[in-house]
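Thanks for coming. I have one structure to show today, and I will keep to what can be read from it.

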Amino acid sequence: MEAIKKKMQGMKLEKDNAVDRAETAENQARDANLRADKSEEEVRALQKKIQQIENDLDQVQEQLAQANNKLEEKDKALAAAEGEVAALNRRLQLLEDDMERSEERLKIASAKLEEASQLADESERMRKMLEHRNIADEERMDSLEDQLKEAKLMAEEADRKYDEVTQNSC
């Protein structure tokens, strides 16, 4: 009987130990479940943040593409305006060169006219011819002056447009 009591006490001790181990395991399982739930919440929060950051990234990339497109358009407009200004400057230079040649021709014509005036006694016909030539040169000079005024106005307009484009692109 003594052996049965010892065996019963041993079994009771084993049972108590098993209950303690079971409670410890349950506590550990509960703690592990709480940690897992907390980790899952953190994962969901991080996934939400990632999704928001990806959305923000998409928006920023779209804005960047739009800004790049606008910049390209402004660059094209600037290049076009610069080309127009360069063309107008070339035209102005040609007109100025033409005016200088015309002025030189006018000086020559004036000199010839003066010479013809001194030689008027010798040749009335020569004087009339040079006067006619002088009138034609003056008309041409007036025409060139009008063209020069128009070219200057065009150059000023082009400069104004260039300034506007430059200010708009900044």
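I will go through the salt bridges, then two buried residues, then the surface patches.

Before that, a caution: what you see is a predicted model. Please keep that in mind for every value I quote.

Let us begin with salt bridges. How many salt bridges does a search of the whole structure find? The answer is 3.

Take the pair in helix α1. The side chains of D98 and R101 form a salt bridge, with N and O 3.5 Å apart. Both residues sit in helix α1, and the spacing between them is 3 residues, or about one turn of the helix. Now look at how much of each is covered. D98 has a relative accessible area of 15%, so it counts as buried, the limit being under 20%. R101 is partly exposed, at 45%. So this salt bridge joins a buried residue to a partly exposed one.

Now helix α2. E157 and R160 meet through their side chains, at 2.1 Å from N to O. They are 3 residues apart in helix α2, again about one turn. R160 also has a salt bridge with E164, where the closest N and O atoms are 2.3 Å apart. R160 and E164 are 4 residues apart, both in helix α2, and that too is about one turn of the helix. Put together, E157, R160 and E164 are linked in a network of salt bridges. R160 is the residue to find on the screen, as it pairs with E157 and with E164.

Are these residues buried, exposed or partly exposed? E157 is partly exposed, with a relative accessible area of 32%. R160 is partly exposed at 37%, and E164 is partly exposed at 35%.

Next, the two buried residues. I go back to D98, in helix α1. Which residues does D98 touch, if we leave aside neighbours within four places in sequence? They are R105, R140 and L144. The other one is N134, which is found in helix α2. N134 has a relative accessible area of 12%, and therefore counts as buried, being under 20%. Not counting residues up to four places away in sequence, N134 touches L106 and L113.

Now to the surface. There is a patch of negative charge made by E100, E103, E104, E138, E139, D142, E145, D146 and E150. Two elements give two or more residues each to this patch: α1, residues 2-118, and α2, residues 124-169. Which element gives the most? That is α2, with 6 residues. One of the members from the other helix is E100, which is placed in α1.

The surface also has a nonpolar patch. I4, M8 and M11 make it, and its area is about 340 Å². I4 lies in helix α1. I4 has a relative accessibility of 55%, so it counts as exposed, since the limit for that is over 50%.

To recap, the search finds 3 salt bridges, and E157, R160 and E164 are linked in a network. D98 is buried, and N134 is buried as well. On the surface there is a negative patch, to which α2 gives the most, and a nonpolar patch made by I4, M8 and M11. That is all I have.

Note on methods:
Residues are numbered from 1 along each chain as its sequence is written. This is a predicted model: local features need pLDDT of at least 70, side-chain atom pairs count only at pLDDT 80 or more; totals for chains, interfaces and linings use all residues. Side-chain values use heavy atoms; hydrogens and water are left out. Patches are made of residues with over 30% relative accessible area and no salt bridge: like charges are joined within 9 Å, nonpolar side chains (Val, Leu, Ile, Met, Phe, Trp, Tyr) within 5 Å. Accessible areas come from the Shrake-Rupley method with a 1.4 Å probe; for residues, only the protein chains shown count as cover. A salt bridge is a side-chain nitrogen of Lys or Arg within 4 Å of a carboxyl oxygen of Asp or Glu. Lys and Arg count as positive and Asp and Glu as negative; His and the chain ends are not counted. The place of a charge is taken as NZ of Lys, CZ of Arg, CG of Asp or CD of Glu. Buried means under 20% relative accessible area, exposed over 50%, partly exposed in between (1.4 Å probe, protein chains only). Contact means heavy atoms within 4.5 Å.
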